[in-house]
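Reader: I should like to go through this model with you, starting with how its helices are arranged. Could you take me through it step by step?

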Amino acid sequence: MLFKLVGGTMVIISCSMIGFLVAGYYQIRPKILRNLQTAISMLETEINYGRSPLPEALKNIAKKCDKEVSELFMNTMKYLSERSGLTAGEAWEKALEAFAPNSNLNRGDFEILSAFGKYLGATDIQDQIKNIKLTLTHLRQQEVAALEERQKNEKLWRYLGVLSGIMIFLLLY
């Protein structure tokens, strides 16, 4: 009897944790999108008002922004500073590839960030600012969609995890 109770408790806890992990994805994505917007806005300031060279601007942003997105800017700066012949866009793309596995962003988010990188450092200041503003608009739209998705799915996955654990417990024991 004690074995059934302990085993059943483990099943319920395991399923609940899976539900909470999936729900966590819906919590983190809007936060990362907001942090990316902040960092890209800082880049706009660095380019427009600070007139900083791109590697220096990226380094300053990496120091100031949230740790979840600072890796992207720091890696881009490192790839540019290596002087291996990479353009700013190629360095951004390479940093984005390293950033992807550790983030909770979806394919649409990465498409926006990838499109942003294609013009990074390739045009004059005015076009850079236009590209940044366009990217910020797209990221805001993604954030709104992520918040709506979070509102719909976060509780669902938590309840689904707990209830599936209870159901499995009842079916097995």
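Author: Certainly. This is a predicted model. Helix H5 (residues 107-118) and helix H6 (residues 125-172) have axes that come within 10 Å and cross at roughly 175 degrees.

Reader: How does that angle place H5 relative to H6, roughly parallel or roughly antiparallel?

Author: H5 is roughly antiparallel to H6, because angles over 145 degrees are counted that way.

Reader: Which residues make the contact?

Author: On the H5 side they are Gly108, Asp109, Ile112, Leu113 and Phe116. H6 contributes Asn131, Ile132, Thr135, His138, Leu139 and Gln142.

Reader: And what is the chemical make-up of that contact of H5 with H6?

Author: Its residues divide into five nonpolar, five polar and one charged.

Reader: Let us take Ile112. Is it buried or exposed?

Author: Ile112, which lies in helix H5, has a relative accessibility of 14% and therefore counts as buried, the limit being under 20%.

Reader: What is Ile112 in contact with, beyond its neighbours in sequence?

Author: Leaving aside neighbours within four places in sequence, Ile112 is in contact with Thr135, His138, Leu139 and Gln142. For His138, the C-alpha atom is separated from that of Ile112 by 7.0 Å, and the two residues are 26 apart along the chain.

Reader: Gln142 is in that list. Where is it, and is it buried or exposed?

Author: Gln142 is in helix H6. Its relative accessibility is 18%, so Gln142 counts as buried.

Reader: Which residues does Gln142 touch, setting aside those within four places in sequence?

Author: Gln142 is in contact with Arg29, Leu33, Asn106, Gly108, Asp109 and Ile112.

Reader: What about Asn131, the other end of the list for H6?

Author: Asn131 also has its place in helix H6, and a relative accessible area of 10% makes it buried. Apart from neighbours within four places in sequence, Asn131 is in contact with Phe116, Tyr119 and Leu120.

Reader: How far is Asn131 from Pro55?

Author: The C-alpha atoms of Asn131 and Pro55 are separated by 18 Å, with their positions 76 residues apart along the chain.

Reader: Now the other pairing of H5. How do H4 and H5 meet?

Author: The axes of H4 and H5 come within 8 Å and cross at roughly 155 degrees. That makes H4 roughly antiparallel to H5.

Reader: Which residues are involved there?

Author: H4 brings Gly89, Trp92, Glu93, Leu96 and Phe99, while H5 brings Phe110, Leu113, Ser114, Phe116 and Gly117. In this contact of H4 with H5 there are six nonpolar, three polar and one charged.

Reader: Turning to the interior, how many residues does the largest nonpolar core have?

Author: The largest nonpolar core has 36 residues, and those with the most contacts inside it are Leu36, Leu43 and Phe73.

Reader: Which elements supply that core?

Author: Two or more residues come from each of helix H1 (2-50), helix H2 (54-64), helix H3 (67-81), helix H4 (88-99), H5 and H6. H1 gives the most, with seven residues.

Reader: And what does Leu36 touch?

Author: Not counting residues up to four places away in sequence, Leu36 touches Val69, Leu72, Phe73, Leu105, Leu113 and Leu139.

Reader: Asn75 caught my eye as well. Is it buried or exposed?

Author: Asn75 is found in helix H3 and, at 17% relative accessibility, counts as buried. Not counting residues up to four places away in sequence, Asn75 touches Ala95 and Ala98.

Reader: A change of topic: how many disulfides are there?

Author: The structure holds zero disulfides. As for individual cysteines, Cys15 is buried at a relative accessible area of 15%, and Cys65 is buried at 11%.

Reader: What lies 8.3 Å from Cys15, C-alpha to C-alpha, although 148 residues apart in sequence?

Author: That is Leu163, which has its place in helix H6.

Reader: Is Leu163 buried or exposed?

Author: Leu163 is exposed, because its relative accessible area is 54% and the limit for that class is over 50%. Cys15, by contrast, is buried.

Definitions and conventions. Residues numbered from 1 in each chain as written. Predicted model: local features only at pLDDT ≥ 70, side-chain atom pairs only at ≥ 80, totals over all residues. Heavy atoms only, no water. Axes fitted to C-alpha atoms, helices over the stretch in contact; angles between N-to-C directions. Helix = DSSP H or I, 4+ residues; strand = E, 2+ residues; numbered from the N terminus. Parallel < 35°, antiparallel > 145°, perpendicular 65-115°, else oblique. Contact = heavy atoms within 4.5 Å. Nonpolar A, V, L, I, M, F, W, Y, C, P; charged D, E, K, R; others polar. Buried < 20%, exposed > 50% of the residue type's maximum accessible area, 1.4 Å probe, protein only. Core = buried A, V, L, I, M, F, W, Y, C linked by side-chain atoms within 4.5 Å. Disulfide = S-S within 2.5 Å.
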